[in-house]
Amino acid sequence: FPVTIKICMEIGREELKNKLLNGIVVLEFTKSDGSDRKMCCTLLESEIPQEKKPKNTGKRENAKVLSVFDLEKQDWRSFKMESLKSVLFFK
């Protein structure tokens with residue numbers, strides 16, 4: 001089946017979160033130690049194991065940071081939106 005990959009340099013937090021809630025996204029960002037990292041991640045509930053599903057803790061979201069489920073590490077990771085270098089998503 002045809003797959004469209006879109007590389008997006010300028011994306012807002014809500015738009016990115018929406019893409020993550022609906023599919024798998026490959027992000028490239030600069031880690032706090034200065035190294036670059038690529039991460040295949042999602043917020044799609046069907047891709048997150050039951051024991052790792054988010055619990056509604058009532059914790060307030062930080063607008064500068066986004067938490068995502070890393071599909072390779074099978075755990076939660078977060079990154080600063082300002083450190084984002086590229087976004088690849090499947091349409």
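**Exercise 1.** Classify R13 as buried or exposed in this predicted model, then do the same for E14.

*Solution.* Start with R13: its relative accessible area is 14%. Buried means under 20%, so R13 is buried. Next, take E14, which has a relative accessible area of 57%. Exposed means over 50%, so E14 is exposed. Now put the two side chains together: R13 and E14 form a salt bridge, with their closest N and O atoms 3.7 Å apart. That distance passes the test, because the cut-off is within 4 Å.

**Exercise 2.** Find which parts of the chain are linked by the salt bridge between E61 and R13.

*Solution.* First check the contact: the closest N and O atoms of E61 and R13 are 2.9 Å apart. Then place each partner. R13 sits in helix 1 (residues 13-22), while E61 belongs to the loop between strand 3 (36-42) and strand 4 (65-70). The pair therefore links distant parts of the chain, 48 residues apart. As for exposure, E61 has 49% relative accessibility and so counts as partly exposed. To widen the view, R13, E14, K17 and E61 are linked in a network of salt bridges.

**Exercise 3.** Work out why the salt bridge between D70 and R37 ties together separate parts of the sequence.

*Solution.* Begin with the geometry: the side chains of D70 and R37 meet at 2.5 Å, N to O. Locate them next: D70 is in strand 4 and R37 in strand 3, so the bridge joins parts 33 residues apart in sequence. Finally, look at accessibility: both D70 and R37 are buried.

**Exercise 4.** State how many salt bridges a search of the whole structure finds.

*Solution.* The search gives 6 salt bridges, among them the pair of D70 and R37.

Methods:
Residues are numbered from 1 along each chain as its sequence is written. This is a predicted model: local features need pLDDT of at least 70, side-chain atom pairs count only at pLDDT 80 or more; totals for chains, interfaces and linings use all residues. Side-chain values use heavy atoms; hydrogens and water are left out. Buried means under 20% relative accessible area, exposed over 50%, partly exposed in between (1.4 Å probe, protein chains only). Helices (H or I, at least four residues) and strands (E, at least two) are DSSP runs, numbered from the N terminus.
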